[in-house]
Amino acid sequence: MRQTWRPDLEDISHLKHTPLHALHLSLGARMVPFAGYDMPVQYPEGVLKEHLHTRAAAGLFDVSHMGQIVVRPKSGRIEDAALALEKLVPVDILGLAEGRQRYGLFTNDKGGILDDLMITNLGDHLFLVVNAACKDADFAHLKKGLGDTCEVKMLDDRALVALQGPRAEAVLCELWADVASMRFMDVAEADLHDVTCIISRSGYTGEDGFEISIPVTSAVDVTQRLLEHPDVMPIGLGARDSLRLEAGLCLYGNDIDTGTTPVEAALEWAIQKSRRSGGDRAGGFPGAERILAEFANGAKRRRVGLKPEGRAPVRGGAKVYADAEGKVAVGTVTSGGFGPSVDGPVAMGYVDAAQAGNGAKLYAEVRGKYLPLAVTALPFVKQTYKR
Amino acid sequence: MLKFTEEHEWLQIEGDVATVGITEHAAGQLGDLVFVELPEAGASFAKGDSAATVESVKAASDVYCPLDGEIIEVNQAIVDDPSLVNSDPQGAAWFFKLKLADPSAANALLDEAAYKELVA
């Protein structure tokens, strides 16, 4: 048997630690290198139970490796920060109300995706959460793009945890009752036991839940209080990945990257009307020419859900064909695995536009065999966001 | 005779037939298995060939053929219920029975004490 990773053989001395690193070790986590950090891939319960527990009750994730960035307008006018950021993202930021959050993308001149991120209007500044592996590049990109009108600051003194699942609201209510009045994509600053946190009702699992930004000095304390609740289980990166895959959510670097455009990636919903052709502030972001042309004419390929017919997981990298002999290549799987809640394999990937209709029957090459799979609407599980 | 490989397979050898599975240590490292693919009876493998595949939620791993030989029987029970590999890896969850091309080659494999030292 070949083990897929042998952490004991790797030099992990260069890896960074999140503020919760010691807590992970005390919980018996198995740690792996991820985006330059030593991160928990699973706890003793294992990926399967962690995944199912998150969908049944509540899971707690350490996502402190992600970048938390403040963009503060030098003029003091939030509109100036919004308009400046709109030059880098094809998203309506000006129309983002205070206390609201929105998904966004940094695009490049070719219409490719540099990173995906969450953008919040916190009244006098914008608060961004970006991917760990991209955060230094994103920070430099922001400095360069809007450093003349805004102060751009990476917050390295805050942890970030996600509490996800149907019991998340009830659990968090015990620390801060007002959380019940928040709806999906609301953001509020709140005192959890005298610690000022930024709470957003969002996540990366398809479940209702929250992401909580906590000052480093209180990160362990707040996290431990959440973990003390009998409904809460710590969840590692393994289940985080299977949860987001079932929810149809993209993983940057797998499903989207500089070689994919927002239209190819089926992320049109992230580009509001005001930034599309005919909108008040149409275009004006990197790669607008290509992206707006794809809105009008469609893209040559499209990200779709792929449901293997059998029990065998089809992993990222598998080639997809129109025929069972592997003669007509039509695409590639970008993420795939076993969905514990679906109780079967699930995948997503890019296929030629002609093959992208729901129900199209395709074949993925796995260990020399061509396994049938069907193009399927995403997500694989019902989203339970509180809208 | 019970033997082990450095790749975490175990072999229970009787005469020229080895019953092969993965060790408790390996099953623990892999985590909950959700899919097992076994070879077909009659297939021949050389030592080190990938003979079976096990998949957890997270990843796929190969199970190697520990010695040269021919598959004479496979354990459909672990295909029907992969979690059996986690609950009883060195018992009910054997993978396949291998008719050894050269039974004496087994002498070069690890004995239980040496394997325990390896994973200690």
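What span should the 13 residues of helix α6 (residues 216–228) of chain A have at 1.5 Å a residue, and how far apart are its end C-alpha atoms? The expected span is 18 Å and the end C-alpha atoms lie 19 Å apart, which agrees. This is a predicted model, and the tour starts at that helix.

**Stop 1: helix α6(A)**

Select A219(A), T223(A) and L226(A), the buried residues of α6(A). They cover an arc of only 60° around the axis, which puts them on the same side of α6(A). Now add T217(A), D221(A), Q224(A) and E228(A); these exposed residues sit on the face of α6(A) turned away from its buried side. To see what the buried residues of α6(A) pack against, show α1 (21–26), β3 (58–62), β9 (158–164), α5 (168–173), β12 (209–215) and β13 (232–234) of chain A.

**Stop 2: chain A as a whole**

Zoom out to chain A, which has eight helices and 19 strands. Its radius of gyration is 21 Å, close to the 21 Å that the globule rule gives for 387 residues, so chain A is as compact as a globular protein of that length. A box of roughly 65 × 55 × 40 Å along the principal axes holds the C-alpha atoms of chain A. Of the 387 residues in chain A, 49% are buried. Among contacts in chain A with a separation of 6 or more, 66% are between residues 24 or more positions apart.

**Stop 3: helix α3(A)**

Select residues 78–86 of chain A, helix α3; its buried residues are I78(A), A81(A), A82(A), A84(A), L85(A) and E86(A). The cover over these buried residues includes β4 (67–73), β6 (113–121), β7 (126–130), α4 (135–146) and β8 (150–154) of chain A.

**Stop 4: the nonpolar cores**

L85(A) leads on to the largest nonpolar core, where it is one of the residues with the most contacts inside that core. The core has 106 residues, and the others with the most contacts are V71(A), L128(A), V161(A), L163(A), V85(B) and F96(B). Centre on F96(B): leaving out residues up to four places away in sequence, F96(B) touches V20(B), L38(B), P39(B), A51(B), A52(B), I71(B), E73(B), V74(B) and N75(B). Apart from the largest core lies another, of 22 residues, including L245(A), V304(A), A347(A) and F380(A).

**Stop 5: where chain A meets chain B**

The contact takes 19 residues from chain A and 22 residues from chain B. On the side of chain A, the elements that give two or more residues are α2 (47–56), α7 (237–246) and β16 (329–339). The largest share, three residues, comes from α2(A). By class, this side of chain A has seven nonpolar, eight polar and four charged residues.

**Stop 6: backbone exceptions**

Most residues other than glycine have a negative phi, and most peptide bonds are trans. Select A35(A), in the loop between β1 (30–34) and β2 (37–42) of chain A; its phi is near 50°, a positive value. A35(A) has 16 C-beta neighbours inside 10 Å and so counts as partly exposed. Beyond its neighbours within four places in sequence, A35(A) is in contact with H65(A), A132(A) and A133(A).

Go next to M185(A), in the loop between α5 and β10 (187–192) of chain A, where phi is near 75°. With 19 C-beta neighbours inside 10 Å, M185(A) counts as partly exposed.

Finish at P379(A), in the segment after β19 (369–376) of chain A. A cis peptide bond joins L378(A) to P379(A), with omega about 0°.

Methods
Residues numbered from 1 in each chain as written. Chains lettered and ligands numbered in written order. Predicted model: local features only at pLDDT ≥ 70, side-chain atom pairs only at ≥ 80, totals over all residues. Helix = DSSP H or I, 4+ residues; strand = E, 2+ residues; numbered from the N terminus. Rg over C-alpha atoms; globule rule 2.2 N^0.38 Å. Buried ≥ 20, exposed ≤ 12 C-beta atoms within 10 Å, placed from the backbone. Contact = placed C-beta atoms within 7 Å. Nonpolar A, V, L, I, M, F, W, Y, C, P; charged D, E, K, R; others polar. Core = buried A, V, L, I, M, F, W, Y, C linked by C-beta atoms within 7 Å. Expected span 1.5 Å × (residues − 1). Arc of directions from axis to C-beta.
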